[in-house]
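Q: I'm new to this one. Can you walk me through it?

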Amino acid sequence: MPEAEATFGPAGTCWQSSAGEQCLEACASALATLAMLFPGEPACGSGGVGTTSTAGPETSTDGESTSTSTGESTSTSTSTSTSTTDSPQTTTDPGLCSDPPNQPDHAACTDESGCGCSSGRCFVIPVLGGLCGECNGDADCGGFGCTVPNPIAGLGSKCNQGGYGQGCETDAVCQNGDAVCGEIFDIPGILTVKTCGHCTTDADCSGSQICTPPTTSPTSPA
């Protein structure tokens, strides 16, 4: 069978010009025809040439694709794509304090949170600066008044007993029965000083008396 040998033999034209799978199918078809024509010839039986084709499953995971085919030819293709972007992270610590920690009363401070004062209170007066002390207002003194600091003398704020001439924000902290909380001076945007006393205006005084500021410093820690 010279023609069959030239076409399907080891150096046949089919193997040189066509895919191997197609050559196998053509060869199997020819053998099947010969088996019908020559049923008594074992070489022409169905066991002469067999074909096997196995296709594996395709798998795709995170950009990876694999395909495998088994027969006369086998091909495997794998592609992987990975992209990583590192973004800078910025962390702001809310616990940062601009003052040294655990400073005593009367020490200079700048952070109004009081984080640098052992008392937890930093009374800041704009332009003049701040000092650690006992209070920032009457609310820190348990029902009594808060005397503002004296930055000139280097004295921090201090809670008082609500007596005459002592610092206050409202009448409620003044302990003497007739005492009221009156304004001594007010520097807008800087500092307002009030103290407990007998009057707030001359109208509160009887006869020819007038209302005068206390003789002691309103910023005295006493």
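A: Let's start with a term. A disulfide here is a pair of cysteine sulfur atoms within 2.5 Å. Cys117 and Cys132 fit that, with their sulfur atoms 2.0 Å apart. Keep in mind that this is a predicted model.

Q: Which hand does the link of Cys117 and Cys132 have?
A: The link is left-handed, with -75° about the S-S bond.

Q: And which parts of the chain does that pair tie together?
A: Cys117 sits in the loop between β5 and β6, while Cys132 belongs to strand β7, so the disulfide ties together parts 15 residues apart in sequence.

Q: Are Cys117 and Cys132 buried or exposed?
A: Cys117 is buried, and Cys132 is buried too.

Q: How many disulfides are there by that rule?
A: The count comes to eight. One of them joins Cys109 and Cys122, with the sulfur atoms 2.0 Å apart. That pair links distant parts of the chain: Cys109 is in strand β5 and Cys122 in strand β6, 13 residues apart.

Q: What about the hand of the disulfide between Cys109 and Cys122?
A: This disulfide is right-handed, because the torsion about its S-S bond is about 100°.

Q: Why do Cys109 and Cys122 count as buried?
A: Buried means under 20% relative accessible area. Cys109 has 3% relative accessibility, so Cys109 counts as buried. Cys122 also comes out at 3%, so Cys122 counts as buried.

Q: Got another disulfide for me?
A: Cys141 is joined to Cys159, S to S 2.1 Å. Cys141 lies in the loop between β7 and β8, and Cys159 in strand β9, so the pair ties together parts 18 residues apart in sequence. This link is left-handed, with -80° about the S-S bond.

Q: Where do Cys141 and Cys159 stand on accessibility?
A: Cys141 counts as buried, at 10% relative accessibility. Cys159 counts as partly exposed, at 23%.

Q: Why does Cys205 have no bond to Cys199?
A: Cys199 holds the closest cysteine sulfur, but that atom is 3.8 Å from the sulfur of Cys205, so it is too far for a bond. Cys205 counts as buried, at 19% relative accessibility.

Q: Switching to strands. What order do they take in the open sheet?
A: The order is β5-β7-β6, three strands with antiparallel pairing. The edge strands are β5 and β6, each pairing on one side only.

Q: How many bridges join β5 to β7, and how many pair β6 with β7?
A: Two bridges join β5 to β7, which covers residues 129-132. Four bridges pair β6 with β7.

Q: What stands opposite Leu131 in β7?
A: Ala108 stands opposite Leu131. Phe123 stands opposite Leu131 as well.

Q: What about the hairpin of β6 and β7?
A: Three residues lie between the strands of that hairpin, and Val127 takes a positive phi near 75°.

Q: Now charges. How many salt bridges does the structure hold?
A: Two. In one of them, Arg121 pairs with Asp140, and the closest N and O atoms are 3.3 Å apart. The partners come from distant parts of the chain: Arg121 from the loop between β5 and β6, Asp140 from the loop between β7 and β8, 19 residues apart.

Q: How accessible are Arg121 and Asp140?
A: Arg121 has a relative accessible area of 26%, so Arg121 is partly exposed. Asp140 counts as partly exposed at 29%.

Q: And the salt bridge of Glu134?
A: Glu134 forms a salt bridge with Lys158, the closest N and O atoms being 3.3 Å apart. Glu134 is in the loop between β7 and β8 and Lys158 in strand β9, 24 residues apart. Glu134 is partly exposed, with a relative accessible area of 30%. Lys158 is partly exposed too, at 33%.

Q: Last one: where is Asp111?
A: Asp111 is in the loop between β5 and β6. Asp111 is buried yet has no salt bridge. The nearest side chain of opposite charge is Arg121, 12 Å away.

Q: What does the side chain of Asp111 make a polar contact with?
A: The partner is the side chain of Ser98, at 3.5 Å. Leaving aside neighbours within four places in sequence, Asp111 is in contact with Cys97, Ser98, Asp99 and Cys122. Cys122 is also the disulfide partner of Cys109.

Note on methods. Residues numbered from 1 in each chain as written. Predicted model: local features only at pLDDT ≥ 70, side-chain atom pairs only at ≥ 80, totals over all residues. Heavy atoms only, no water. Buried < 20%, exposed > 50% of the residue type's maximum accessible area, 1.4 Å probe, protein only. Lys, Arg positive; Asp, Glu negative; His and termini not counted. Salt bridge = Lys/Arg side-chain N within 4 Å of Asp/Glu carboxyl O. Polar contact = N/O pair within 3.5 Å; in protein donor to acceptor, adjacent residues only side chain to side chain. Contact = heavy atoms within 4.5 Å. Pairing = 2+ DSSP bridges.
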